[in-house]
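User: Hello! I have a fold open on my screen and would like to talk through how its parts pack together. Could you take me through it?

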Amino acid sequence: GREPALEPARGDDDPGPAVHPRPSVTETVLELPSPEATALFGVAIANVLKAGQVVFLEGELGAGKTTLVRAILSGLGWTGSVRSPSYALVHGYPDLAPAIHHLDLYRIGSMEEALGLDLDHLLDQGGTLLIEWADRLEDAIKPSFTIAMEITGTESRQARITPGTDAYIGERIIEKGAVPK
């Protein structure tokens, strides 16, 4: 018969073999030196979006969140105008695949008011949510990933992609051409 595997003797204070959780995937940082680079980035994001994803867009006023949404929508084939939904709160683009719902929660006063927008319903219908000022949701919805835009110059931006439920999103966006070769 087979001999049982021998285990090394352990002292009482030895916790045994270390369990190493899968290493967390870190954020991906991209330098976007021009509006054209931001447009390429948006098209690359469009190429990886799936129905049911939630994307948080962060950055101060003027950092380029709506410009990025415009580029994402363009990458999905949208040719119409794109404005920030500051007053309407939600602009829908149901004819795109996936259907996009662009939300700007800047004027939302509370999490209850934000949840009154019935975001789950939009997701259940196969929509993808692009949410500006998502901090108003107070963790009520977890993002697939977050993109933080930072102003680094007159026309340049830095984009930080932080994985949420989609661990390898940064790699996939880069593979889709976010950075000129």
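User: Happy to start in the middle. Which elements cover the buried residues of α2?

Analyst: Gladly, and please keep in mind that this is a predicted model. Helix α2 runs over residues 65–75, and its buried residues are K65, T66, L68, V69, A71, I72 and L73. Their cover includes one helix, α1 (35–46), together with the strands β2 (54–58), β3 (90–93), β4 (100–104), β5 (128–132) and β6 (145–151).

User: Which residue just after α2 takes a positive phi, and of about what value?

Analyst: Look just past the end of the helix, which spans residues 65–75. The residue there with a positive phi is G77, at about 105°.

User: How are the rings of W78 and Y93 arranged?

Analyst: A search of the whole structure gives two aromatic pairs. For W78 and Y93, the ring centres are 4.8 Å apart and the planes stand at 80°; planes over 60 degrees apart count as edge-to-face, so this pair is edge-to-face.

User: Which parts does that pair tie together, and how far apart are they in sequence?

Analyst: W78 is partly exposed, with 30% relative accessible area, whereas Y93 is buried at 4%. W78 sits in the loop between α2 and β3, and Y93 belongs to strand β3 itself, so the pair links parts that are 15 residues apart in sequence.

User: Now α1, please. Which elements do its buried residues pack against?

Analyst: This helix has twelve residues and reaches 16 Å from first to last C-alpha, close to the 16 Å expected. Its buried residues are A37, T38, F41, G42, A44, I45 and A46. They pack against β1 (28–32), α2, β6, β7 (157–163) and α5 (169–175).

User: Which element gives the most to the largest nonpolar core?

Analyst: That core holds 29 residues, and F41, I45, F145, I147 and I173 touch the most other members. Two or more residues come from each of β1, α1, β2, α2, β6, β7 and α5. With five residues, the element that gives the most is α1.

User: What is F145 in contact with, leaving aside neighbours within four places in sequence?

Analyst: F145 is one of the core residues that touch the most other members. Beyond those sequence neighbours, its contacts are I45, L49, Q53, V54, V55, F56, I161, T162, P163, G164, I169 and I173.

User: There is another core, with A114 in it. How far apart in space are A114 and L137, C-alpha to C-alpha?

Analyst: This core lies apart from the largest one and has 16 residues, among them L103, A114, L123 and I141. A114 is in helix α3 (residues 111–115) and, at 0% relative accessibility, counts as buried. Its contacts beyond four places in sequence are L105, I108, L119, R136 and L137. A114 and L137 are 23 residues apart in sequence, and their C-alpha separation is 6.4 Å.

User: Stepping back, what pattern does the protein follow along the sequence?

Analyst: There are five helices and seven strands, and 43% of the 181 residues are buried. Among contacts between residues at least 6 apart in sequence, 64% join residues at least 24 apart. Read along the sequence, the pattern is β-α-β-α-β-β-α-α-β-β-β-α.

User: Where does pLDDT stay under 50?

Analyst: The protein averages a pLDDT of 83, and 82% of the residues score at least 70. Where pLDDT is low, predicted coordinates should not be read in detail. One such stretch has two contacts beyond four places in sequence, and another has three. They are residues 4–10 and residues 15–23.

Conventions. Residues are numbered from 1 along each chain as its sequence is written. This is a predicted model: local features need pLDDT of at least 70, side-chain atom pairs count only at pLDDT 80 or more; totals for chains, interfaces and linings use all residues. Side-chain values use heavy atoms; hydrogens and water are left out. Buried means under 20% relative accessible area, exposed over 50%, partly exposed in between (1.4 Å probe, protein chains only). Helices (H or I, at least four residues) and strands (E, at least two) are DSSP runs, numbered from the N terminus. Contact means heavy atoms within 4.5 Å. Rings of Phe, Tyr and Trp (its six-membered ring) pair if their centres lie within 6.5 Å; planes under 30 degrees apart count as stacked, over 60 as edge-to-face and the rest as tilted. pLDDT is the predictor's confidence in each residue, from 0 to 100. The expected span of a helix is 1.5 Å times one less than its number of residues. A nonpolar core is a set of buried Ala, Val, Leu, Ile, Met, Phe, Trp, Tyr and Cys residues joined through side-chain atoms within 4.5 Å.
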